[in-house]
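Visitor: Could you take me through one part of this protein up close, and then show me how that part sits in the whole thing? I'm new to this, so please go step by step.

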Amino acid sequence: MNWLGLEGKTAVVTGAGGGIGQALARAFAGQGARVALIDRTLERTQPLAAELGNDALAIACDLSRPEDIEAAAGQVDRHGGVDILVNNAGVLRPGPLDSVSPADWSMMLSVNLTGYMLAAQAFGKGMVARGAGVLVHVASVAGSEPQPASGAYSASKAAILMLSRQLAYEWGPKGIRSNTLSPGLVRTPLSEAFYADDTTRQRREAMVPLRRIATPDDMADVALFLASPRASYVTGQDVVVDGGLTQSLMGLVPRPGYA
Ligand code: NAI
């Protein structure tokens, strides 16, 4: 029943109002964890916290503002400290690198990368003091495969992979694990524009060996495992949850006679 052993833990989920974030929040709450839901506004997190119960907390926090992150960490600490941080809030703005503006570049890095680091610092402080805690960072397959026309997105996700590995090394002796989860194609508000058109959706599905687009729950299940004591000897790793998408490269190369 309680194989994951997450009952009674406190989990902070950033970007908890978004597609994957809501699934993460529901999944942790479903395992008996108390959740703190962080997003820019309370619009989607407040009703979700009310639905989840178990003392769930919704906090408005702009992760590009260090002072907001400090305040949010203080608020959760006053409620009893954090066992698990899931860094998940992310932004994606289109644009090729030859014309990406410094403002767009900085904005994406400030949320996708600096926001993850500052949240790890702020919510990790109590973990370090207690000598226990878990960090799960939602990265992307775009962190290891360049995603064209997406400005700083790929660079920010690649940097998360290293941020997590460095945290695993520095904080391992303090009893804290850090891993990344790299989603492939997931249908959420962030990616909804790519699925509006049926032809594009079918072409996307055909790229995935498992022949389907992931649901946010596919991501949440893996995050639960990584955050749980069942993964207690796993740190500094990237778990790719992409239905095999990143194994497709050689299949795209034309080879007459090898249909
Ligand atoms: P989403 O757009 O549905 O949710 C992202 C959430 O982050 C939103 O609720 C948004 O308000 C919040 N957020 C953005 N900037 C913020 C800020 N400055 N402060 C506080 N909250 C902020 O996106 P989705 O798809 O759920 O993405 C979650 C994570 O998964 C992101 O890190 C994304 O890069 C990653 N990902 C998503 C994929 C997909 O296909 N949807 C694929 C690979 C990775």
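**A close look at the loop after β4**

Guide: Let's start with Asp98, which sits in the loop between β4 and α4. Keep in mind that we're looking at a predicted model. Is Asp98 buried or exposed? Its relative accessibility is 73%, and exposed means over 50%, so Asp98 counts as exposed. Now look for Gly151: along the chain it is 53 residues away from Asp98, yet their C-alpha atoms are separated by 9.0 Å.

Stay in that loop and find Ala89. It belongs to the loop between β4, residues 84-87, and α4, residues 102-130. Here the picture flips. Ala89 has a relative accessibility of 11%, and buried means under 20%, so Ala89 counts as buried. So this one loop holds an exposed residue, Asp98, and a buried one, Ala89.

What does Ala89 touch, once you skip its neighbours within four places in sequence? The list is Thr14, Gly15, Leu63, Val111, Asn112 and Tyr116. Compare that with Ala231, which is 142 residues from Ala89 in sequence and 23 Å from it in space, C-alpha to C-alpha.

Val111, one of the contacts of Ala89, leads us on to the nonpolar cores. The largest nonpolar core has 64 residues, and Phe28 and Phe123 are the ones that touch the most other members. There is also a second, separate core of six residues, and Val111 is in it, along with others including Val91, Met108 and Ala142.

Phe123 deserves a stop of its own. Leaving out neighbours within four places in sequence, Phe123 is in contact with Val12, Ile38, Ile69, Ala72, Ala73, Val76, Val82 and Leu85.

From here, hop to the next loop on our tour, the one between β5 (133-138) and α5 (153-171), where you'll find Val141. Val141 has 11% relative accessibility, so it counts as buried. Its contacts, not counting residues up to four places away in sequence, are Ser182, Pro183, Gly184, Val240, Asp242, Leu245 and Thr246. Val239 makes a handy distance check: it is 98 residues from Val141 in sequence, and the two are 9.8 Å apart in space, C-alpha to C-alpha.

Now carry on to the segment after β7 (238-241), where Ser248 is found. Ser248 counts as buried because its relative accessibility is 14%. Apart from neighbours within four places in sequence, Ser248 is in contact with Met207 and Pro209.

For a contrast, swing over to helix α2, which covers residues 45-52 and includes Ala50. Ala50 counts as exposed, because its relative accessibility is 64%. Try finding Met250 from there: it is 200 residues from Ala50 along the chain, and their C-alpha atoms are separated by 48 Å.

Just past α2 comes a loop that runs to β3 (57-60), and Asn54 is in it. Asn54 has a positive phi of about 45°, although it is not a glycine. With 46% relative accessibility, Asn54 counts as partly exposed. Asp55 lies in the loop between α2 and β3 as well. Asp55 also has a positive phi, of about 65°, and it isn't a glycine either. The relative accessible area of Asp55 is 52%, so it is exposed.

Okay, let's zoom out. How many helices and strands does the protein have? It has seven helices and seven strands. Following the sequence, their order is β-α-β-α-β-α-β-α-β-α-β-α-α-β.

What about overall size? The C-alpha trace spans about 65 × 45 × 40 Å along its principal axes. For 259 residues, a compact globule would have a radius of gyration near 18 Å, and the protein has 18 Å, which agrees. Buried residues such as Ala89 are part of a set that makes up 46% of the 259 residues.

Contacts tell a story too. Take the contacts with a separation of 6 or more: residues 24 or more positions apart account for 68% of them.

Last, the outside and the charges. The accessible surface comes to about 12,800 Å², and 56% of it belongs to carbon and sulfur atoms. As for charged side chains, there are 22 positive and 24 negative ones, and the centres of the two sets lie 4 Å apart.

Technical notes. Residues are numbered from 1 along each chain as its sequence is written. This is a predicted model: local features need pLDDT of at least 70, side-chain atom pairs count only at pLDDT 80 or more; totals for chains, interfaces and linings use all residues. Side-chain values use heavy atoms; hydrogens and water are left out. Helices (H or I, at least four residues) and strands (E, at least two) are DSSP runs, numbered from the N terminus. The radius of gyration is taken over C-alpha atoms; the globule rule is 2.2 Å times the number of residues to the power 0.38. Buried means under 20% relative accessible area, exposed over 50%, partly exposed in between (1.4 Å probe, protein chains only). Contact means heavy atoms within 4.5 Å. Accessible areas come from the Shrake-Rupley method with a 1.4 Å probe; for residues, only the protein chains shown count as cover. Lys and Arg count as positive and Asp and Glu as negative; His and the chain ends are not counted. The place of a charge is taken as NZ of Lys, CZ of Arg, CG of Asp or CD of Glu. A nonpolar core is a set of buried Ala, Val, Leu, Ile, Met, Phe, Trp, Tyr and Cys residues joined through side-chain atoms within 4.5 Å.
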